[in-house]
Every structure is written in C-alpha cells, then in structure tokens.
Amino acid sequence: MTSLRSRLVAWCVLAVVSWINLVSHAPWQRDAHLSAYGDALEYYRMSEQTFAPVDNPFALRVLTPWLVRKLHQISGISPDSVWIGFTFVTTLAAVLLFHSMLLRHFKVSAYTALLVAGMLACTFWYAPYLFGNPWLVDPLNNLLYVAAIWLALDRRLLWFTAVVVVGTVNKETTLLLAPLYPLLALARTRKLTDRSVLAGAAATVVAAGLYFAFRLWAQARIGGDYALGAGQANKSLMDNIRFALASAKGRDQLAIWSVFSFAWLIWLYGLYRLRVTSGLRHPLIVTSAWVFFCCLFGRVLATDTERVFVMLAPVLLAVIAVTLDHYAGPAQRPWLLAIAAMYVARQLHWVSDPVTFIIDVVALGVFAAIVTLTHRNTRPAATIEPEGAPSAQDVPAGRSAGVDQ
C-alpha cells in the first residue's frame, strides 16, 4: 500500500510539472494552427484528411493525425484543442511510463525515480517544445520508444514487435528499434544461434515486411508518388541527404550538446561505471549504443538535430538514474536535487546564455564531488579494523542498481 501510495504521489507531482510546462508553452489562441510551420503544417492537414497528398515522408505518418481526427469527430472539440490535449496526454504517459520503468525494471529508489522522471518531463525538446508546437507526431513516437525499450529489456518479444510495428505507422524511425531485441539477446547469450537471437532477428524481418506492406497500401490510398528511396517533395533520397547534412554547418556540435547539456557527461560516466562493474554487454550499454546510432543515422535524413537526438532521452536518463541512485544516500540527496534543479534550469531556459556554461561547470563539479567523496568514505580504514573483521572492500560502496544482467 505504501509503495502504491508513493507512486501515486510521484505521478501527481509529474502531472503537475507537465501541466505547468503545458500552460507555459502551449499556443492557446484561437486558430493557433495558422502559426504552424515546417512539417507541423503537413500533419495538421493530415488531421483534416488522413491520406492527404502532402510531401514525402510526412504523408505516410498517419497514426497521430488519424487519432486526432477521430477524437475531434467524436468529441466535437476544435482540432487545435485536440492536438494540444493529445500532445499533453501522450507526453505525460511517456514520462509516467519512464518513471515506472525506473522503479520496476531498474529498481532505483523512489527518490531517484521521481527526480530523474522530473528531468525527463522538463527536457525541452522532449516536452516543452512539443507543447509549444503540438501539431507533430513526435509525442506518440516518444511514448512508443519508451514502451519498446522497456519491453526489449524485459525480453517480451511479441509485445516489443507489436509496438515497433504500430510505431512505424506513426513515424518510420521506430523501425530502427527493431534490431535492438536480437542485439540484447546476443549480448546476453553470446551465441548467434541462440533461440532468442534468432527469434529477435525473425521479428525484425517481420516488422520490416509489415512496414513496407503498409507503405504500399498507404501509397495506393494517397495516390501520389511515395516510392521507397524517394525523398521529401519527391526529390531523390541522395538530394535530401545532401540537403540535411548541409543544413546546420558549424552548429551541429552545439545543437547536440544543448539537447542534454552537462547530462551528456554524467551519462558517459554512468556508461563507464557500468562497463567496469558489468562489462560491455550490460543491457544499458547495448541500448545506449544502438539508440545513439539510430540518432546519428536519423540526422543524416533530418535537419532538426535536437528533435532527432532527444529520442535518446529515456535511455540517457535511465543510465543517469542508475548512476545517481548509487550515490543516493541521505547525505547526498540534497546535492542530487541540486543537479536535477540545474538541469531543469538549463532545459527551461531560466538562465541566459552566458550563464549556461557556469551552470554546466557547477553541476559537473557537484557530481564529481559526490562521486569522489563517496569513494573516499568507503575506502578501508586498515588502522582501526579489528582482526578478522570484513574489509570495507567487501561491502558495496552504495546501492547497486537492480538491472537485468
């Protein structure tokens, strides 16, 4: 009962945080869609006509626009309000699902789970940006990513494949997650011929086949030329790749850094610690490497660097949660809260650009101090240990993460 009560309290806190972010960023004015831009214009048009002949590849991302259209028809609420509501519900669902994954799969403490889930709820390109530009398919894509990653880590192949297949109808990038299951199985078993590896590979082929079948069916419904290999506006795929790669000359490094700021370095330290304690085959290392590769590949085809790399958010923050939970003793908790607060300040743009560098340095300094002092306090004190007593080296330095090895 206590666990359920604490989880409900945490969900209420996350809902309040998300609601405040929604109120702060959503376009509440009448006919707000008139201010939409970029691919949001295409998705809004598709919510008026599901198979509208808009540009490739947007025309094939029908799930979110179709759901919005159906909700509008059933409720009679204005399309703009439905878009805002759908974006809020799916984003909040992703945050709550992530919070549950931290508790149930990674076994982190309730304090750390709430702290890191709150960081996800305030990650600018994951939530506030989408609240300010609600006519996108990204919110449902983010929710399906969290679900697919959890299912892959929990070895639920059937449900994992179903989520991936459904996700491809919303955005084709979900198909990139399909190989994650056999990769995790291979890392676990170290045998290419293992049943779980072969089953995961077969499921990947099935998911790809179903997606391409959907493409053929949707293309016939739309009646346009959306052949495989065609790019946006039916230019060649290579033309689109050249355009995407040339779109952000001189700023991609800064754009990638800005997505998570100093949290990138805590993530890298967390991966290093997992490698030292569990080896390179740790599920979070494998998942981080694969999703990061997916982001790099996605950037080749897309110009919005930040929207591409924010897909790494649930994996990056899961590693951070496991790492922080190792140091989440009573004395360290206020400092972990300070790190989370500085992350939120960076993400919600509470500080001006000249101050962001200082925030990053201070946050990393606090984290480094926590790690250093924790290790120092757990060193063996040979001069005072009684003979025959267990050495401090035999006692864990902190809470170990309950991760599926």
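Nine salt bridges are held by this structure, which is a predicted model, and they make a convenient set of stops for the tour.

Select glutamate 172 and arginine 61, whose closest N and O atoms are 2.5 Å apart in a salt bridge. This pair joins distant parts of the chain, 111 residues apart, with glutamate 172 in the loop between helix 8 (157-170) and helix 9 (180-189) and arginine 61 in the loop between helix 2 (39-48) and helix 3 (63-75). Arginine 61 counts as buried because its relative accessibility is 8%, whereas glutamate 172, at 22%, counts as partly exposed.

Move next to arginine 299 and aspartate 252, where the side chains meet in a salt bridge at 3.1 Å, N to O. Here too distant parts of the chain are linked, since arginine 299 belongs to helix 14 (residues 283-301) and aspartate 252 to helix 12 (residues 252-260), 47 residues apart. Arginine 299 is buried at a relative accessible area of 7%, and aspartate 252 is buried at 19%.

Then select Asp39, Asp138, Lys171, Asp304 and Arg307 together, which are linked in a network of salt bridges.

For helix 4, choose residues 79-104: the end C-alpha atoms are 37 Å apart, in agreement with the 38 Å that 26 residues should span at 1.5 Å a residue. Of these 26 residues, 19 are buried, so that the helix is mostly covered.

Finish at helix 1 (residues 2-25), in which tryptophan 19 lies; this residue is partly exposed, with a relative accessible area of 46%. Adding Val16, Ile20, Val23 and Trp28 to Trp19 displays a nonpolar surface patch of about 520 Å².

Technical notes. Residues are numbered from 1 along each chain as its sequence is written. This is a predicted model: local features need pLDDT of at least 70, side-chain atom pairs count only at pLDDT 80 or more; totals for chains, interfaces and linings use all residues. Side-chain values use heavy atoms; hydrogens and water are left out. Patches are made of residues with over 30% relative accessible area and no salt bridge: like charges are joined within 9 Å, nonpolar side chains (Val, Leu, Ile, Met, Phe, Trp, Tyr) within 5 Å. Accessible areas come from the Shrake-Rupley method with a 1.4 Å probe; for residues, only the protein chains shown count as cover. A salt bridge is a side-chain nitrogen of Lys or Arg within 4 Å of a carboxyl oxygen of Asp or Glu. Helices (H or I, at least four residues) and strands (E, at least two) are DSSP runs, numbered from the N terminus. Buried means under 20% relative accessible area, exposed over 50%, partly exposed in between (1.4 Å probe, protein chains only). The expected span of a helix is 1.5 Å times one less than its number of residues.
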